[in-house]
Structure formats: C-alpha cells, structure tokens
Amino acid sequence: MNFQSAAILALSVAILSVVLSVTISITLLRRGQKALPHDPQQAPEQDRLLRLNRAIEQMLELNNLEDRLRLLAVTLREFGWGRVTITLRDKSPLIVEPANSIPTPDDLIIDQAWQTRWEKQPPAELTKYRVGPGYFFTKLDIDATEGVSDGYAWLPGDLFAIPIRFGNGLTVAVIKLFDPTNGQRPTSANTHYVTILAAQARAAIESSQLVEEVGLITQQLEDQIEELVMMQHVDRELAATLDFDAVMMLTMDWAIRRTGASAGMLNMVTPDGTGLFPVAALGYSPESTARYSERNPLPLTQGVTGRAVRTRQVQIIADTQTDPEYIELLDTTRSEVAVPMEMRGGIIGVLNLESEQVDAFDNLSVPFITRLAARAAVALDNARLYREAESRADQMSALYSAGRSVSSSLERADVLKNIARSLAGLLDTSYTVVADYSPERSELVVSAFYRANDKPDTPELPVVAGTVIELGTYPDLQHTLNAQRAIDTYESDQALPETIRSFLVRMQCKALLMVPMLVQDRFLGVVMALEQRRERIFTQDEILLAESLASQSAAALRQATLYEDVRELENVKTEMIRMASHDLRNPLGNLMGYFEILVSTLDKVITSDQTEYVAYVRNSTEIMRTLIEDLLTLDRLESERQIAWIAIDFKDLVAAEIEGQKSSAELKQQTLTLFIDHADNRSFNVLGSKTQLRQAVANLVGNAIKYTPADGNIQAKLTHNGKHILFEVEDTGYGISPERQVKLFQRFYRAREVSTEHIPGTGLGLSMVKTVVERHGGEVWVHSELGVGSTFGFWLPIPPASDPALSGDTT
Ligand code: ADP
C-alpha cells in the first residue's frame with residue numbers, strides 16, 4: 001500500500017468513526033426521548049437530554065482535542081459529578097475539573113496495573129466493579145453492584161472510572177468521576193449520559209490521533225514527492241545539459257535545505273586514487289574551498305571524507321570536536337556526515353554535509369543523503385569521464401602549443417628558453433632546467449632554466465646557466481640516461497637509489513622528472529621538471545607529455561644548431577661577395593678605361609676580326625660591371641636604415657623614371673607609355689627611400705624593355721584604390737613559363753627560356769625589387785604568358801594623412 005492510499009484510508013476511518021459516534025449518541029438520545037411520555041416526572045430528564053444534545057453539538061464544532069475534552073468534563077460536572085479528570089495514555093491528567101482543583105494521585109497517569117487490566121478483556125475480578133460504561137471502586141471492599149439498588153451513599157475516596165478503549169483493546173484514556181452531587185453511587189440505570197459522553201471522548205481522541213497520523217503521512221508523502229521531483233529534475237538536467245556544476249549546485253542546495261545543514265561539499269577522488277578535491281561546494285568561504293584542489297588534493301589518509309573513502313562506510317560525526325580526524329573548514333561546524341559515492345565497484349567521491357548543530361544528522365536524514373549521493377555519483381562519474389577527456393584534450397593542446405613555442409624560433413637561446421618555459425607550463429612545477437650533454441666529459445651543462453611565480457622571497461635556485469653536473473657523481477642517473485630512459489622520483493620513494501637521492505638534495509627538490517632529449521638515438525641533453533614545494537608523483541600521462549616535449553625540443557635544438565651553421569656560412573658568403581665586389585670594381589674600372597685607350601690608339605690599324613674581339617671584351621666587362629653594381633646595390637639595400645625615410649611623391653618619381661628610359665625603348669622601336677590615374681585628385685605620396693624606390697621602378701621598366709623584342713609595346717600604369725598605390729608595367733615581350741615564374745624573385749635566378757637566353761643579366765634585379773617593396777610594406781607580383789607578354793607590378797601602402805613626415809620634403 002502506498003502512502004497516498006494509506007492517507008486516504010486513515011481519513012475515511014476518522015470521518016466514519018466521528019459519524020458513527022454521532023449516530024450512536026443520537027440513537028441513545030432518541031431512546032431517552034422515547035422514554036419521555038407526557039409524564040411531568042420525566043421533565044427534568046428531558047431537559048438533561050436536551051442539554052447533552054447541545055453539548056455534543058458544541059463539541060463537534062471544536063477542532064482541538066483538549067477543548068473538546070474540557071467541554072466534555074464540564075458537561076459531566078453539570079450532570080452531577082463534583083470532580084472530573086480525563087487522563088490520556090502516557091500523559092499526566094489532561095483535564096481536571098474544576099480547573100482550580102489540585103490533581104490527586106488517582107488523577108495521575110493510567111498506571112501500569114490499569115493498563116494491563118483494561119487492555120485485555122476485564123478479568124473476572126473486575127466484572128464485579130462494573131457499573132454502566134465504567135467501574136466503581138470503593139474503599140470499602142464490597143461488590144460495586146451490591147446495595148446499589150439500595151442507593152448506597154458515595155463515600156469519600158470512592159471512584160467511578162470509565163476507560164476509553166479502541167477496538168484493538170488499547171486503553172487510550174480514562175475518565176475518572178468523583179463526588180456525585182446527589183451523594184449516591186452510580187448505577188447502570190443513571191449513567192446513560194456517561195456512556196454517551198465516553199463515546200464522544202473516544203471519537204474525539206480517535207479522530208485527533210488519526211488527523212495527527214494523516215498529517216504525518218502527508219508530510220512524509222510531501223517529502224517523498226519533493227524528493228522524486230528533485231531526483232527527476234537532477235536526472236533531466238544531467239541528461240539535457242551535462243552541466244555538472246549546475247546539477248551539483250542544485251543537488252547540494254537541496255541536500256542542505258532538506259537536512260538543515262549549513263554547508264555541503266562534493267569531493268572527487270583523484271585519478272591516481274590517492275586524494276580528494278572539491279568539485280562543488282555551497283556554504284563555504286572561497287578560501288576554505290580553495291584549500292584543496294586537483295593538483296593539491298587532501299590525502300585519503302586524512303579527514304572524515306578520507307575515512308569515508310577508506311572504509312567505504314557512511315561517516316556520521318555527531319560532534320566534530322570529539323573526532324580527531326575531523327579537518328575544520330568552517331569554524332561553526334559541530335556535526336558532519338560524509339557519504340562515499342560508489343560507481344562500478346569503486347569509490348569515486350564523497351558527499352559531505354556540515355551543520356552548526358551537534359548531532360544534526362540522524363537516522364532519518366542519512367538514508368536520504370545516501371540516496372542523493374547515489375544519484376550524484378552518476379553525475380560525478382559523467383563529470384569525471386568528461387574531465388578526463390577534456391584534460392587529455394587540454395594536454396594535447398598544451399603539448400601542441402608547447403611544441404609550437406619550442407620550434408617558433410631558430411635562435412638556440414630562444415629555443416632553450418622556450419623549452420624550459422613550456423615544460424613548466426605543461427607540468428606546473430617549481431622550476432625547470434634544460435641541460436646539454438657533453439659526451440667527452442660525461443657531464444650535463446645547464447643551458448637554460450625557468451622558475452614559475454618568481455616572487456622576491458623565493459630562495460636562489462641551486463643552478464645557473466653553465467652549472468656543470470658530473471654524471472660520474474650520480475652513477476644511477478648516468479645509467480638510466482645511458483639507457484635513454486626517463487627518471488621520475490620523489491623524496492620519500494622507498495626504492496630511491498642513494499645517488500639519485502643525493503641528486504634531489506643537490507637540486508633542492510622534493511620531486512623530479514628528468515627526460516633525455518634524443519635525436520636519432522643521439523643523446524643531446526635532458527629536460528628536468530623539479531618540484532620544491534611538496535612531494536609529487538608524476539603520472540604516466542605527465543611523463544608521456546614531458547617525453548613528447550623532450551623529443552620536440554631535441555628536434556628544435558638540432559634545427560637551431562643547423563640554422564646557426566647555415567647562417568654562419570651565409571655570413572661568410574655575404575662577406576666574401578661584398579669584399580669581392582668592392583675589390584673588383586676598381587680594377588675592373590681601370591681595366592675598362594685602359595682598354596678603351598688601347599682600342600682608340602689602335603683605331604686605324606685594327607682588323608675586322610680584332611673589332612669583333614673588342615666587342616666581346618666590351619660585352620663581357622659590361623656584364624661584370626653590372627653584376628658588381630647589382631651586388632653592391634643589394635648590399636647597400638640591406639644595410640640602409642629606415643630612419644632615413646621621407647615622404648615622396650611617387651607619381652613624380654615614376655614619371656621621371658619613364659622619361660629617363662624612353663630613349664632605350666626608342667632604340668628598340670618600342671612604345672613606352674605611362675598612365676596615371678588622376679581620379680579624385682588622390683595623393684600618390686608614400687613614405688620611404690627615394691633611391692630604393694627609383695631603383696625598383698627602374699628595374700621593372702628596364703626588364704620590360706630588355707625582355708620585349710623590337711617593335712613591342714610597354715605600358716606603365718600608376719593607380720590607387722584608396723588604401724594602396726599600385727604600379728605595374730605591362731609588356732608584349734617573350735613572357736615566362738608558369739614553372740619558372742615561382743622562382744623569379746629569388747636571388748641570382750634567371751628564367752632561361754630559349755627566346756631570352758641571348759639576353760645578359762645577373763638575376764639580381766627582381767630580388768632587389770622584392771626587397772625594396774617589402775621593406776616599404778608592399779608586395780610584388782607577376783602575371784606572364786610565354787610568347788604573349790608579362791605584367792610585373794607591386795603595391796605600396798598609402799601612409800595615414802596625419803603622418804607628420806608627409807608634410808616634409810617631397811623632392
Ligand atoms: P636579370 O634581368 O638580370 O636576369 P632579374 O632579376 O631582373 O635579373 O630578372 C630575373 C629573370 O626574370 C630574368 O632573367 C628573366 O628571365 C625574367 N624576366 C624579368 N623581367 C621579365 C620580363 N619583363 N619579361 C620576361 N622575362 C622577364
């Protein structure tokens with residue numbers, strides 16, 4: 001039977017019994033009335049019955065049991081009893097009428113003897129005291145019925161007691177009547193009204209008890225319904241949102257309200273199963289919630305919550321002051337309950353509630369909290385799985401960005417710094433060290449280190465860049481590194497070899513993770529994560545992360561070393577070219593000068609063959625001169641500083657350059673035109689180096705003339721689009737095949753097409769254009785089709801109008 005039907009049944013019984021008792025009363029009244037013919041002698045009796053009827057009616061109108069019984073006692077007194085007491089089971093006399101009289105021992109609770117006597121059927125020896133609805137006891141030990149007909153007088157100390165019994169025989173109350181005003185013992189003939197009133201008392205008591213019971217059942221039912229609704233809510237939230245925090249807060253808030261706790265906390269067991277940390281808390285200060293965290297959990301060996309996990313039992317701490325394991329998070333807490341949360345056979349967390357009252361968690365609230373914890377365990381488990389997936393994703397992304405950071409630079413010093421910082425970021429340790437390995441001397445040399453949260457009062461680190469660690473001093477370390485394995489250890493590790501322990505002491509740390517950096521099995525050095533604050537066991541995941549980072553670091557270091565070598569070579573090459581060009585320019589100038597003098601003196605005697613040789617020499621020296629000039633221009637470009645920039649009217653610059661090259665075009669019967677977009681009167685001012693930009697323009701125009709056969713057309717165009725100035729040169733020349741176009745802007749690259757093979761050049765011009773344009777914040781491009789023609793161009797940014805440099809010299 002469920003609570004609802006029980007409650008309905010109880011209510012129906014209550015109503016039925018009240019109706020029944022009223023029916024009995026009325027029947028008895030009628031019987032009394034029937035016995036009232038027109039006999040004037042009976043008139044007072046009729047009066048009494050009417051009064052009784054009224055009293056019952058009044059009584060039914062009252063809600064409260066005590067009020068009803070008091071009215072009943074008053075009525076009994078009106079009906080001729082000097083004193084009336086009504087005593088409820090297990091209670092002191094509830095009603096003593098007259099109200100100011102002092103209760104006598106007889107009025108006191110229904111004693112043991114009365115209960116045992118009346119709860120069974122009255123034993124034979126009591127039957128002799130039976131009078132009407134009750135029992136008459138007299139101090140004179142004579143049969144109650146004896147002499148009644150003779151109208152024996154009531155003696156002091158006599159008692160007429162009416163037990164009120166339920167159907168199951170349980171005596172729930174006793175009405176005791178004393179001192180009848182007529183001075184006579186009660187007789188069964190004149191105690192009808194007592195019977196009626198006793199039935200009323202019974203109905204009143206019964207209905208009040210039922211109302212109480214129904215109230216209790218209703219309360220339980222309400223609680224049950226609230227619980228079901230809440231659980232449903234939790235389930236729904238869980239299924240719909242996976243919003244763990246919201247569900248947990250809801251659960252906690254509910255647990256606190258239902259149990260009257262002042263604070264609640266949901267703790268999760270760490271992945272390695274050694275500690276607990278809070279995942280949701282309500283009613284605690286932020287400091288106390290932050291005391292333990294996933295990185296700094298409460299060891300399972302401590303606290304009431306730790307004990308709940310260890311013992312797998314609910315911990316009810318009636319008085320927290322008497323529990324030595326209790327850890328105070330709230331100074332007002334006096335009692336606590338901690339419920340372990342089980343999932344798939346393991347304990348995954350603990351739900352604990354705290355109260356400011358001693359012994360606040362009783363046997364009633366604990367089953368509820370346990371049910372709640374079971375429900376929350378599902379949420380917690382989901383959250384745990386989610387967290388694991390998330391943390392793996394976090395680790396991956398951390399590793400990815402660490403890897404990127406490590407390989408973001410080709411400078412060895414930067415790479416080293418990045419390795420140290422990335423490792424600290426990945427593992428959150430006090431400090432990290434990167435050390436190179438020197439195989440000849442079998443030692444590690446610290447090349448970089450990183451300390452997290454460098455506060456002014458942190459002690460000096462035991463290492464600096466350059467610190468040497470002789471591996472010979474730590475044979476176990478050397479052995480493990482030689483085997484290319486990682487070392488992870490902590491101070492109190494039982495299996496820790498002595499030499500590694502002394503290494504921990506030297507590094508002033510409580511936990512260490514050291515991973516070798518290997519490139520193709522070559523041992524380059526190590527990365528170390530060191531924890532000074534506390535002991536720590538590095539998880540398998542963390543070791544894997546460090547190993548991944550170490551291998552990325554090794555590759556990055558190797559690359560940095562290679563880059564250093566290449567850069568060194570590049571420097572040597574550049575220096576050589578610079579020296580060579582400088583040193584060649586003057587002798588070549590001399591050579592060309594003397595050669596021309598020689599040719600002019602030979603003018604008359606020279607043969608036609610010799611004239612051809614002279615042309616060859618001229619041509620070759622010209623090529624050499626251009627090459628040297630181009631090299632020197634590039635060199636100058638690279639060393640010219642940006643501060644020398646001025647505002648330039650690019651339109652004038654281009655127009656002058658086109659004008660200057662017109663004669664070369666005319667020599668090849670080419671047309672060379674310039675179109676300038678004058679729309680909107682926009683300014684063509686740019687900020688930059690005039691020499692460099694002129695060289696860039698000259699180069700594109702010069703190339704167009706050079707790589708376009710006679711009679712071709714070359715059109716230069718200068719436009720702008722509001723943001724950029726665009727310069728392009730279109731020709732109807734030889735064009736370049738697509739595969740060669742991609743390399744055009746590389747130094748010394750010459751696109752050798754059959755059609756252009758005969759044209760001399762150095763392959764430096766376009767590379768110079770690119771350098772100049774990019775230095776000015778622009779970009780170069782080319783469109784070309786073999787045999788059709790090419791368009792080379794670039795854009796330059798228009799400087800903001802407010803730029804003060806633009807108001808300066810524009811010549
Ligand atoms: P150079 O002209 O001294 O060879 P550049 O760097 O100026 O060096 O040009 C690189 C190569 O690009 C040239 O060798 C040539 O093959 C190709 N090139 C440049 N401009 C044009 C053009 N307008 N038409 C066809 N090919 C061109």
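Select Arg344 to begin, and look at how open its position is: at 63% relative accessibility, Arg344 counts as exposed, and keep in mind during the whole tour that this is a predicted model. Now add Asp381 to the selection, since Arg344 forms a salt bridge with Asp381 in which the closest N and O atoms are 2.6 Å apart. Arg344 sits in the loop between E11 and strand E12 (346–355), while Asp381 belongs to helix H10 (residues 365–406), so the pair ties together parts that are 37 residues apart in sequence. Is Asp381 buried or exposed? With a relative accessible area of 3%, Asp381 is buried, whereas its partner Arg344 is exposed.

Next, select Glu342 and Arg312, whose side chains meet in a salt bridge at 3.9 Å, N to O. Glu342 lies in strand E11 (residues 335–343) and Arg312 in the loop between helix H9 (303–311) and strand E10 (315–317), so this pair ties together parts that are 30 residues apart in sequence. Glu342 is partly exposed, with a relative accessible area of 48%, and Arg312, at 42%, counts as partly exposed as well.

For another pair, select Glu531 and Arg536, which form a salt bridge with the closest N and O atoms 3.7 Å apart; here both residues are buried. Then move to Glu66, Arg70, Arg77 and Glu97, where salt bridges link the four residues in a network. In general, side chains of opposite charge can pair when their charged atoms come close. The count for this model comes to 28 salt bridges.

Now turn to the strands. Select E2, E1, E6, E5, E4 and E3, and follow them in that order across an open sheet of six strands with antiparallel pairing. Which strands form the edges? They are strand E2 (93–97) and strand E3 (130–131), each of which pairs on one side only. Within the sheet, zoom in on strand E5 (residues 159–165) and strand E6 (residues 171–180), which pair in the antiparallel sense over six bridges, and find Ala161 standing opposite Lys176 in E6.

A hairpin comes next: select E24 and strand E25 (residues 789–797), which pair in the antiparallel sense over seven bridges, with Ser784 opposite Ser790 in E25. Three residues lie between the two strands of this hairpin, and Gly787 takes a positive phi near 80°. Show the side chains along strand E24 (residues 779–785), and you will find that they alternate: Val780, Val782 and Ser784 point to one face and are buried, while Glu779, Trp781, His783 and Glu785 point to the other and are not.

For the surface, select Leu598, Leu602 and Val605, which make a nonpolar patch of about 290 Å². Val605 is placed in the loop between helix H14 (540–601) and helix H15 (608–639), and at 62% relative accessibility Val605 counts as exposed.

Finish at Leu631, which is found in helix H15 and is buried, with a relative accessible area of 16%. What does Leu631 touch, leaving out residues up to four places away in sequence? Its contacts are Ile577, Ser581, Phe748 and Leu764. Add Thr762 as the last selection: Leu631 and Thr762 are 131 residues apart along the chain, and their C-alpha atoms are separated by 9.1 Å.

Notes: Residues numbered from 1 in each chain as written. Predicted model: local features only at pLDDT ≥ 70, side-chain atom pairs only at ≥ 80, totals over all residues. Heavy atoms only, no water. Pairing = 2+ DSSP bridges. Helix = DSSP H or I, 4+ residues; strand = E, 2+ residues; numbered from the N terminus. Buried < 20%, exposed > 50% of the residue type's maximum accessible area, 1.4 Å probe, protein only. Patch = residues over 30% accessible without salt bridge, like charges linked within 9 Å, V, L, I, M, F, W, Y side chains within 5 Å. Areas by Shrake-Rupley, 256 points an atom, 1.4 Å probe, with all protein chains shown as cover. Contact = heavy atoms within 4.5 Å.
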